[in-house]
Amino acid sequence: ERRSGVWRYLEYLPVKDTNKIVSLWEGGTPLYKCDNLAKKLGLKELYVKNEGANPTGSFKDRGMTVGVTRANELGAPVVGCASTGNTSASLAAYSARSGKKCIVLLPGGKVALGKLAQAMFYGAKVVQINGNFDQALVMIKNLALENKLYLLNSVNPFRLEGQKTIGFEICDQLDFEAPSAVILPVGNAGNISAIWKGFKEFKETELIDSLPMMIGIQAEGAQPIVKAYKAQKDNITPEESPETIATAIRIGNPVNAVKALEAINQSNGLAEFVTDEEITAAQKLLAQTEGIFVEPASASSIAGLIKLLDMGAVDKDGKIVCITTGNGLKDPDAAIKASILPSEIECDMEVLRKVIEE
Ligand SMILES: Cc1ncc(COP(=O)(O)O)c(/C=C/C(=O)C(=O)O)c1O
């Protein structure tokens, strides 16, 4: 049975027993042509690949369908991860669907409401630690080394295999014309590495004949990859206390840093940071010009595009794809804080007629 989405690319995926596949029909997300935003930014061709349209609302579902399928093949009874939120939401869903116990470690008080609700509601054992994501990752890795669980952070290559299908789909959706540039937010740096691998595989199998620039965007307060790229270093100086409103990418010691720098350098790409203000402005701009609601971290790809255009670092005439990685519903607090509050009135038509004119 040929499924849509991630498993459409079965031949490119490391699965031995297709009966063990755990799927929530992830992938097959929209690639929106954004002519309103393109016009505003003076661009010829701008697309937004909206990964917020996945079953649990982020691109993590692509990695988890392959990762939890692997856990199934191995007969692992318990799976686990550290997470800034979306990884835990996704793992909790896929482990529920495959009858596995799920343990997630979250940085106390720094996880967006929607993600926390998901991890709890799917029935995971949710542990909040008094520390940040990087510390949580060290702890969950120790549990894996003590054989207490199968680790499904993006140190696990099966995660990246699923996420590379974002690159496949973009090619499919652009009639096998690779874009000139792909811009996406970078946290633990698994996704940029995975997508680059996907484009390279489609080029090696001659489905496309060119490769895009990979452009990684980080938040000003959490930008270890940007710093390494600008210093042209191939090792990372971890940031002790990463800080940003984009809590999904509030990561100081990315596990996939070397792979991400490889993807950026091999693709003649770039790495740049954006401020929290630029992120919030871009989040609103995208929602109000194109009707696409994404969480703050995801809007950093739009904010990064705007900054790079101002710097003349991106070709205005190119075919540009911004990847928005998570649904705006994940972080309602951030959206409400950045919005004009609703007018509150009594049930009075006179008052209502006035208030709609304000
Ligand atoms: C919306 C959103 N956008 C971008 C990223 C960065 O992707 P990577 O660079 O592959 O890490 C994340 C990452 C989240 C976690 O790392 C986690 O959930 O633990 C995210 O949720």
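User: What makes a stretch of residues a helix here, and which helices supply residues of the ligand shell?
Analyst: Helices are DSSP runs of H or I with at least four residues, numbered from the N terminus. α3 (86-97) and α8 (190-204) each supply at least two residues of the shell around the ligand. The model is predicted: local features need pLDDT of at least 70, side-chain atom pairs count only at pLDDT 80 or more, and totals for chains, interfaces and linings use all residues. Residues are numbered from 1 along each chain as its sequence is written, and side-chain values use heavy atoms, with hydrogens and water left out.

User: Why is the link between asparagine 86 and the ligand called a polar contact?
Analyst: A polar contact is a pair of N or O atoms within 3.5 Å. An N or O atom in the asparagine 86 side chain is 2.8 Å from a ligand oxygen atom, so the pair qualifies. Alanine 189 has a polar backbone atom 2.8 Å from an oxygen atom of the ligand.

User: How do you know which residues of the shell are polar, and how many are there?
Analyst: Ala, Val, Leu, Ile, Met, Phe, Trp, Tyr, Cys and Pro count as nonpolar, Asp, Glu, Lys and Arg as charged, and the others, Gly among them, as polar. By that split the shell has twelve polar, eight nonpolar and two charged residues.

User: What makes glutamate 169 and arginine 62 a salt bridge?
Analyst: A salt bridge needs a side-chain nitrogen of Lys or Arg within 4 Å of a carboxyl oxygen of Asp or Glu. Here the N to O distance is 2.7 Å, so the pair meets the rule. Glutamate 169 lies in helix α7 (residues 165-173) and arginine 62 in helix α2 (residues 60-74), 107 residues apart. The count by this rule is 20 salt bridges.

Note on methods:
Polar contact = N/O pair within 3.5 Å; in protein donor to acceptor, adjacent residues only side chain to side chain.
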